[in-house]
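Please take me through this model in the viewer. Tell me what to select at each stop and what is there.

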Amino acid sequence: MNMSVEPDSVRATEFREDAALMFPPGFVWGAATAAFQVEGATTADGRTDSVWDVFARRPGAVVGGDTGDPAADHYRRYSEDVGLMRRLNLGAYRFSLAWPRVRPDGGEPNAAGLAFYDRLVDCLLESGVQPWATLYHWDLPQVLEEQGGWANRDTAYRFAEYAETVLERLGDRVASWSTLNEPWCAAMLGYAGGIHAPGRTDHPAAVAATHHLLLGHGLAMDIIRQHAPGTPAGITLNLYPVAPHDPANVSDVAAARRIDGLQNRLFLDPVLRGGYPDDLVADLEPFGFGDVVRDEDAAVIAAHVDWVGVNYYRDYRVAGRPVPGSEPAGPEWVGAADVHFVPDPAAPRTDSGWEVQPAGLTESLLQVHRGYRPVPLYITENGAAYPDVVGDGGDIVDTDRVAFLDSHLRACHDAIQAGVDLRGYFYWSLLDNFEWAEGYAKRFGLVHVDYETQQRTPKQSAHWYSRVIGLNGLG
């Protein structure tokens with residue numbers, strides 16, 4: 001393994017002589033993964049199918065016909081991976097638990113699956129790395145999908161049962177809990193757009209799934225409070241600032257309102273304000289929104305969170321009409337078929353085709369800071385895929401990812417300077433992994449994974465990030 005990290009004392013001494021941007025004391029530095037993307041071992045020790053196992057078998061659903069096995073084989077190599085975290089100075093590891101490993105088919109608890117997370121959490125604690133656990137990162141048991149999935153209100157209560165199983169076992173050792181990761185993706189990409197599992201294109205189902213995911217969040221928060229009352233807990237949302245292509249154009253402004261509503265306010269408002277925005281309720285009424293929301297649900301969803309996780313990858317500019325170079329909204333944008341997304345031709349792009357817009361990260365954090373009750377924020381995901389090349393000596397010189405990290409960490413610092421209570425940053429991802437519908441075609445990791453040999457090689461960005469962590473700042 002190619003790993004050389006300078007001693008903390010050396011790096012700290014060098015940095016203090018020319019430090020420019022320091023982060024607050026106690027700032028949490030970490031990296032993130034998700035169970036289905038890294039664990040592999042999809043049939044080991046009693047684990048049963050998730051919606052992603054089944055979706056990946058659908059011809060054409062995933063690039064290259066890739067599946068979640070072997071992924072990064074983290075299930076068998078977790079101790080090696082925790083060793084990497086320790087050597088890279090990571091203070092925290094954000095991971096998710098696989099529902100079909102813990103409660104296969106949504107049924108009774110599975111001792112072998114729970115034992116894996118016992119081992120992982122204990123290994124992290126022994127290595128001085130905080131375990132940050134996410135209860136749901138999209139791997140719904142397939143049996144529950146066959147009963148209606150998240151479009152079925154009962155799934156929220158099955159999620160609460162699963163959460164209780166996890167909290168009873170790990171509640172005494174996890175440093176921080178997240179209920180859901182990116183419910184927008186689970187609901188809209190999975191049930192409306194059809195490009196994520198379970199691959200449905202049913203707008204009323206997507207609207208119902210959105211509400212039931214948030215209901216599940218509230219129910220899980222109650223479980224966390226019962227079993228780990230002193231442990232911080234929150235929800236992780238992908239939040240992107242949305243701007244009208246022409247602020248003077250009425251249709252563009254209306255388009256920005258709708259997309260901002262679907263992407264951001266549909267989740268922030270019920271969690272932090274206790275109810276859905278009136279304009280979105282009206283927008284979604286044709287899709288049966290009023291039929292799935294019950295009066296008592298608002299208080300459940302608004303259960304007090306200790307923090308909100310922000311996953312940021314891009315920002316959006318939209319028009320309410322076709323403009324040169326624009327692309328019409330896909331089916332995942334429920335009720336927004338007339339909206340067009342307008343690219344910035346001057347912006348650099350990642351290997352995923354996403355524009356690199358670090359200023360949007362600052363803006364997204366400021367929007368939450370200014371628009372909602374005071375709540376600590378964490379960047380729970382931020383990262384980029386690039387076509388990494390392994391050099392003759394085995395090194396991966398990913399200067400593009402280093403530049404991405406540097407610019408987005410500076411954007412974080414700008415937000416802190418503007419008054420945002422930002423308390424941590426988790427890079428996505430620790431390891432190259434199964435990147436959902438892109439399969440293994442895109443590499444986001446700080447650590448390169450050779451999928452044939454499972455050899456791990458830290459990239460230049462890993463060493464750079466390690467130095468930033470050791471110094472708690474940027475030069």
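The tour starts at the annotated active site, moves through the largest pocket, and ends at the cavities. Keep in mind throughout that this is a predicted model.

**Stop 1: the active-site pair**

Select Glu182 and Glu381. The unreviewed UniProt entry annotates these two residues as "active site". They are spread over 200 residues of sequence, yet they cluster in space, with a largest C-alpha distance of 10.3 Å. Both Glu182 and Glu381 belong to the lining of the largest pocket.

Now centre on Glu182. This residue sits in the loop between β5 (176–181) and α9 (183–193). Is Glu182 buried or exposed? Its relative accessible area is 5%, under the 20% cut-off, so Glu182 counts as buried.

Show what surrounds Glu182. Leaving aside neighbours within four places in sequence, Glu182 is in contact with Trp138, Thr236, Asn238, Asn311, Tyr313 and Glu381. The other annotated glutamate, Glu381, is thus on the contact list of Glu182.

Move to Glu381. Look for this residue in strand β12 (residues 377–381). Glu381 has 4% relative accessibility and counts as buried.

Expand the selection around Glu381. Not counting residues up to four places away in sequence, Glu381 touches Arg94, His137, Asn181, Glu182, Val310, Asn311, Tyr312, Tyr313, Phe426 and Trp428. Draw a distance from Glu381 to Arg94. A polar contact of 3.3 Å joins these two side chains.

**Stop 2: the largest pocket**

Switch on a pocket surface. The largest pocket holds about 1,000 Å³ of space. How many residues line the largest pocket? The lining has 40 residues, and Leu189, Arg314, Tyr316, Glu332 and Trp354 lie nearest the centre of the pocket. Select those five to find the middle.

Colour by secondary-structure element next. The elements that give two or more residues to this lining are α9, β9 (316–319) and β10 (327–328). The largest share comes from α9, with 3 residues.

Then colour the pocket lining by residue class. The classes divide into 19 nonpolar, 9 polar and 12 charged residues.

**Stop 3: the annotated binding site**

Select Gln37, His137, Asn181, Tyr313, Trp428, Glu435 and Trp436. UniProt, in an unreviewed entry, places the feature "binding site" at these positions. The lining of the largest pocket takes in Gln37, His137, Asn181, Tyr313, Trp428, Glu435 and Trp436 from this set.

Two tryptophans deserve a stop here. Go to Trp428, in strand β13 (residues 422–428). Trp428 is buried, with a relative accessible area of 2%. Recall that Glu381 touches Trp428.

Next, pick Trp436. This residue is in the loop between β13 and β14 (447–449). Trp436 is buried too, with a relative accessible area of 4%.

What does Trp436 contact, leaving aside neighbours within four places in sequence? The list is Ala34, Phe36, Gln37, Trp52, Val62, His137, Trp138 and His196. Draw a distance from Trp436 to Gln37. Their side chains are joined by a polar contact of 3.2 Å.

**Stop 4: the cavities**

Hide the pocket surface and turn to enclosed space. Rolling a probe the size of a water molecule over the atoms shows where empty space is left. The structure holds 3 cavities of 30 Å³ or more.

Start with the largest cavity, which contains about 70 Å³ of space. To frame it, select Val51, Trp52, Tyr136, Trp138, Leu140, Trp150, Cys185, Ala186, Tyr191, His196, Ala197 and Pro198. The elements that give two or more residues to this lining are α3 (51–56) and α9. Helix α9 supplies the largest share, 3 residues.

By class, the largest cavity is lined by 11 nonpolar residues, 1 polar residue and no charged residues.

Finish at the second largest cavity, with about 40 Å³ of space. Select Thr33, Ala34, Ala35, Val38, Glu39, His74, Tyr93, Phe95, Ser96, Phe116, Tyr117 and Leu120, which line this cavity. The elements that give two or more residues to its lining are α2 (35–38), β3 (92–96) and α6 (111–126). The residues of this lining divide into 8 nonpolar, 3 polar and 1 charged.

Definitions and conventions. Residues are numbered from 1 along each chain as its sequence is written. This is a predicted model: local features need pLDDT of at least 70, side-chain atom pairs count only at pLDDT 80 or more; totals for chains, interfaces and linings use all residues. Side-chain values use heavy atoms; hydrogens and water are left out. UniProt positions are given in the numbering used here, feature names are shortened, and annotations may be inferred rather than shown by experiment. On a 1 Å grid over the protein atoms alone, a cavity is a set of points where a 1.4 Å probe fits but cannot get out, and a pocket is an open set with protein on both sides within 12 Å along at least five of seven lines; lining residues have an atom within 4 Å of a point. Helices (H or I, at least four residues) and strands (E, at least two) are DSSP runs, numbered from the N terminus. Buried means under 20% relative accessible area, exposed over 50%, partly exposed in between (1.4 Å probe, protein chains only). Contact means heavy atoms within 4.5 Å. A polar contact is a pair of N or O atoms within 3.5 Å; within protein, one must be able to donate a hydrogen and the other to accept it, and residues adjacent in sequence count only if both atoms are side-chain atoms. Grid points are joined across faces, edges and corners, and a volume is the space filled by probe spheres set on the points. Ala, Val, Leu, Ile, Met, Phe, Trp, Tyr, Cys and Pro count as nonpolar, Asp, Glu, Lys and Arg as charged, and the others, Gly among them, as polar.
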